[in-house]
Amino acid sequence: EPGAIVEVNTKGKGEAIFTPEQKHLRSLALSDSLGVFVGGGERGVVYRQVPSSDDFIAMFDTRLPEVVDLIVAGDYVYAAAVKGAAALIESEKSKVDVRAQLWQIDMVGTGQVLAGSNDEAIFDLAVDRHGNILASTGATGRDDPRGRIYAVSAEKRMVSLVYQSVSRRITQMVELGEGKFATIGGGGGRVAE
């Protein structure tokens, strides 16, 4: 069902539990303590399920078109909001209009930008063993547009480059344990550890 969160049982039957006004949803995160969060894919709104309810509310507007990933860490939800991520994937041009922001949002709906870029799109988020938010990216408009992973410390307000790929984009990260992650690179695709 377009633009809806559907709860599916083991027999493959589904029922919509949330259908917002926008037709495209892009991301979903679940926290045992804070609940369900949904990221919009055409207006960049973060929705939250009201605790002890089946209702969802619009919690925060990132002011960018897509929330491509959400992750919950501590008492916050972190949202990767972007403009131009799809164009970056589809285009081989050296310059695509891209903008990205990593938002830290508290449970009353107040947010702050922890990191941002006008030539990189964020594709995926994770949390490292030190509590840093990892953001995987793809770039445009550079002589050497490579995919990167940044570690963002919300507490110290610090951004550090931790990995640079030979691929143009790092579209997904998976934790392997012991502080290691596997990544998928696009635009020169590869799996790396």
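1. Two strands are taken to pair if DSSP finds at least two bridges between them. On that basis, this predicted model contains an open sheet of 4 strands in the order β7-β8-β9-β10, with antiparallel pairing. Strands β7 and β10 stand at the edges with a single partner strand each, so one side of each is left without a neighbour in the sheet. From one strand to the next, the twist averages 20 degrees.

2. Within this sheet, β8 and β9 run antiparallel and are joined by 7 bridges. Lys83 has Arg99 of β9 as its bridge partner. Lys83 is also engaged through its side chain, since a salt bridge is formed with Asp97, with 2.9 Å between the closest N and O atoms. This pair links distant parts of the chain: Lys83 belongs to strand β8, whereas Asp97 lies in the loop between α1 and β9, 14 residues apart. Asp97 counts as exposed at 53% relative accessibility, and Lys83 is partly exposed, with a relative accessible area of 35%.

3. The largest nonpolar core comprises 22 residues, and those with the most contacts inside it are Tyr78, Leu102, Ile122, Leu125 and Ile133. Two or more residues come from each of β7 (66-73), β8 (76-83), α1 (85-90), β9 (99-105), β10 (111-117), β11 (120-127) and β12 (133-139). The most is given by β11, with 4 residues. A second, separate core has 14 residues, including Met59, Phe60, Val77 and Trp103.

4. Ile122 merits inspection as a member of the larger set, being one of the residues with the most contacts inside the largest core. Leaving out residues up to four places away in sequence, Ile122 touches Val68, Ala80, Val82, Ala100, Gln101, Leu102, Ala135, Ser136 and Thr137. As a general matter, nonpolar side chains tend to be buried together in soluble globular proteins.

5. The count of aromatic pairs comes to 2. One of them joins Tyr76 and Tyr78, with 6.3 Å from centre to centre and 55 degrees between the planes, a tilted arrangement. How do the two rings fare in accessibility, buried or exposed? Tyr76 counts as partly exposed because its relative accessibility is 32%, whereas Tyr78 counts as buried because its value is 6%.

6. The count of salt bridges comes to 3. Besides the Asp97 and Lys83 pair, Arg26 forms a salt bridge with Glu66, where the closest N and O atoms are 2.7 Å apart. This contact connects distant parts of the chain, with Arg26 in strand β3 (residues 25-31) and Glu66 in strand β7, 40 residues apart. Arg26 is partly exposed at a relative accessible area of 34%, while Glu66 is buried at 13%.

7. The remaining salt bridge to note is that of Glu120 with Arg148, whose closest N and O atoms are 3.8 Å apart. Glu120 sits in strand β11 and Arg148 in strand β13 (residues 148-153), distant parts of the chain that are 28 residues apart. Which of these two residues are buried? The cut-off for burial is under 20% relative accessible area; Glu120 therefore counts as buried at 6% relative accessibility, and Arg148 likewise counts as buried at 10%.

8. Arg43 occupies the loop between β4 (35-40) and β5 (45-49). Arg43 counts as partly exposed, at 40% relative accessibility. Apart from its neighbours within four places in sequence, Arg43 is in contact with Glu21, Gln22, Asp61, Leu64 and Pro65. The C-alpha atoms of Arg43 and Leu25 are separated by 9.3 Å, with the two residues 18 residues apart along the chain.

9. The last point concerns a hairpin. Strand β15 (residues 169-177) pairs with β16 in the antiparallel sense over 7 bridges. Val174 has Ala182 of β16 as its bridge partner. The two strands form a hairpin with 2 residues between them, and Glu178 in the turn has a positive phi of about 55 degrees. Why is β16 described as largely enclosed by the rest of the structure? Strand β16 (residues 180-186) has 5 of its 7 residues buried, so it is largely enclosed by the rest of the structure.

Definitions and conventions
Residues numbered from 1 in each chain as written. Predicted model: local features only at pLDDT ≥ 70, side-chain atom pairs only at ≥ 80, totals over all residues. Heavy atoms only, no water. Core = buried A, V, L, I, M, F, W, Y, C linked by side-chain atoms within 4.5 Å. Buried < 20%, exposed > 50% of the residue type's maximum accessible area, 1.4 Å probe, protein only. Contact = heavy atoms within 4.5 Å. Phe/Tyr/Trp six-rings, centres within 6.5 Å; stacked < 30°, edge-to-face > 60°. Salt bridge = Lys/Arg side-chain N within 4 Å of Asp/Glu carboxyl O. Axes fitted to C-alpha atoms, helices over the stretch in contact; angles between N-to-C directions.
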